[in-house]
Amino acid sequence: MKILGIETSCDETAISLIEVDEKGEAVKILGNTVHSQIDIHASYGGVFPILAKREHQRNLIPVLEKTLMEASMLSTGQNIVTSEIEKILAREPKLVVMFKEVMPKIRKPDIDYISVTYGPGLEPALWVGINFARALAVLWNIPLVRCNHMEGHVLTALIKKEPSNYSITKPIFPALSLLISGGHTQIVLIEKIGSYKIIGDTRDDAVGECFDKIARMLSLPYPGGPKISKLADEARKENIQSPELLPRPMIDSKDLDFSFSGLKTAVLYLVKRLEEKGIALDETIKKGICREAEDAITDVIVAKMRKAIEKHGIETLIIGGGVIANKNIRFHLEKLASDCSVSLLLPQFDHATDNGLMIALAGYFNSTKTIDAKLPLKAFGILPLGPRA
Ligand code: KG4
Ligand code: ZN
């Protein structure tokens, strides 16, 4: 089965084409393109939804062409862009112009399903991907599947690189997923693929958001997560400490919830105090603060996961979301899994942040739930993966 996955929920325009074997045991990544808009949003210190929408419109067709080319499926053909397709793209003025110019000349590729993220994310950004996916599905007459972005993050951890392809792990349940991204910090109890219960959530900022906001206070560029992680690593190597310790919010609370806004505020006050004392926020001080902030976040995450494993008799940990690109968090989760004798599934580093592969995989696991591309399909800014337990 071949699936084309389209992802535009935030600032990455990403399309991937995968092939899953009949037994559902192996997957080949035939083409995978991620076009990041980070440079465009960096000057705003965060993702600017209207700019993201504009950029997705510009990038989707080139990203599709690149993915098809990589899969050796880009060849010339003849399609007719009907008025029905133009109507689907009516709210994407830039995209519709490019679509009418380019798509009639691209031959229908040999794919079975198109899958697209319909939430959660930035609604203006999601709409572009949804309307593009619908237009493609109608143009090529290919079934359409809609996917939850966070399920994509969960499923990405199931694939493991082998010499010639990726194997698909069948996790032992019950499993626990930790989803840590720019918009989410959730602990999810999984009884089987497709059955998700949220047992822990953040009460305020998401962990990635906390990284990004702390980075901004330290005048580090957006996105802050990777930069904080790099400086924290350097601090450990150079044995640099923070001038003050930071709190570990809610680390001892009985529930599995998180709160990161207090940590962010603590950094804000620490920076202010240093300023008042006339201490410059130089590279060494910044490194120390990054290390302490990363340690605080890691400590809280590990403590909550330990509690959740013990409470729910967990067999497998499945980690997803952009923040798991963080080496320190990865290392401590590996240690936790080994301490608790549970298996740990982590996404490959370069699959941790948003990509089309995760949506193609989610499309595979949801391929029985196709929808009619001719009917309206709504974007959901907020879209829980399951009920809150
Ligand atoms: O999953 P993702 O790509 O997008 C969302 O769905 O939100 O996650 C992006 C988040 C950003 O907040 C970014 O700062 C964070 O992941 N991030 C990291 C690292 N790499 C990306 N956070 C900490 N350490 C990293 N190495
Ligand atoms: Zn994400």
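Is aspartate 257 buried or exposed? In this predicted model, aspartate 257 is buried, with a relative accessible area of 8%. The legends below present the chain as a whole and then a series of close-up views.

**Figure 1. Overall view of the predicted chain, with its twelve helices and twelve strands.** The chain contains twelve helices and twelve strands. Its radius of gyration is 22 Å, close to the 21 Å that the globule rule gives for 389 residues, so the chain is as compact as a globular protein of that length. Along the principal axes, the C-alpha atoms fill a box of roughly 70 × 45 × 40 Å. Of the 389 residues in the chain, 57% are buried. The structure also holds 24 salt bridges, some of which are shown in the later views.

**Figure 2. The zinc ion (ligand 2) and its protein donors.** Three residues supply the protein donors of the zinc ion: His149 and His153, each through NE2, and Asp354 through OD. These donors lie 2.0 to 2.2 Å from the ion. Along the chain, their spacing follows the pattern H-x3-H-x200-D. Histidine 153 belongs to helix 6 (residues 149–156), whereas aspartate 354 is in the loop between strand 12 (343–345) and helix 12. This pair links distant parts of the chain, 201 residues apart. Histidine 153 is buried, with a relative accessible area of 2%. Aspartate 354 also counts as buried, at 14% relative accessibility.

**Figure 3. The surroundings of ligand 1.** Around ligand 1 there are 19 residues, of which His153, Gly182, Asp212, Gly322 and Asp354 come nearest. Three side chains are shown with their distances to oxygen atoms of the ligand. For aspartate 212, an N or O atom of the side chain is 2.7 Å from an oxygen atom of ligand 1. For aspartate 354, a polar side-chain atom lies 3.0 Å from an oxygen atom of the ligand. For histidine 149, the distance between a side-chain N or O atom and an oxygen atom of ligand 1 is 3.2 Å. Taken alone, ligand 1 exposes 550 Å², and the protein buries 89% of that area. Histidine 149 and aspartate 354 are also among the donors of the zinc ion (ligand 2).

**Figure 4. The salt bridge between arginine 388 and aspartate 257.** The side chains of these two residues meet at 3.0 Å, N to O. Arginine 388 lies in the segment after helix 12, and aspartate 257 lies in the loop between helix 8 and helix 9 (261–276), so the pair ties together parts that are 131 residues apart in sequence. Arginine 388 is partly exposed, with a relative accessible area of 45%, whereas aspartate 257 is buried at 8%. Salt bridges that share partners join Arg203, Asp255, Asp257, Lys304 and Arg388 into one network.

**Figure 5. The salt bridge between arginine 236 and glutamate 294.** The closest N and O atoms of this pair are 2.8 Å apart. Arginine 236 is in helix 8 (residues 224–237) and glutamate 294 in helix 10 (residues 283–312). The pair links distant parts of the chain, 58 residues apart. Glutamate 294 is buried, with a relative accessible area of 0%, while arginine 236 counts as partly exposed at 25% relative accessibility.

**Figure 6. The salt bridge between aspartate 205 and lysine 213.** In this pair, the closest N and O atoms are 3.5 Å apart. Aspartate 205 has a relative accessible area of 7% and is buried. Lysine 213 has a relative accessible area of 24% and is partly exposed.

**Figure 7. Helix 12 and its buried residues.** Helix 12 spans residues 357–365, and eight of its nine residues are buried, so the helix is largely enclosed by the rest of the structure. The buried residues are Leu357, Met358, Ile359, Ala360, Leu361, Ala362, Gly363 and Tyr364.

**Figure 8. Threonine 67 and its contact with threonine 33.** Threonine 67 is found in helix 2 (residues 49–70). At 0% relative accessibility, threonine 67 counts as buried. The side chains of threonine 67 and threonine 33 are joined by a polar contact of 2.8 Å.

Notes:
Residues numbered from 1 in each chain as written. Chains lettered and ligands numbered in written order. Predicted model: local features only at pLDDT ≥ 70, side-chain atom pairs only at ≥ 80, totals over all residues. Heavy atoms only, no water. Buried < 20%, exposed > 50% of the residue type's maximum accessible area, 1.4 Å probe, protein only. Helix = DSSP H or I, 4+ residues; strand = E, 2+ residues; numbered from the N terminus. Salt bridge = Lys/Arg side-chain N within 4 Å of Asp/Glu carboxyl O. Donors = N, O, S within 2.8 Å, 3.2 Å for Na, K, Ca; no water. Near = heavy atom within 4 Å. Polar contact = N/O pair within 3.5 Å; in protein donor to acceptor, adjacent residues only side chain to side chain. Areas by Shrake-Rupley, 256 points an atom, 1.4 Å probe, with all protein chains shown as cover. Rg over C-alpha atoms; globule rule 2.2 N^0.38 Å.
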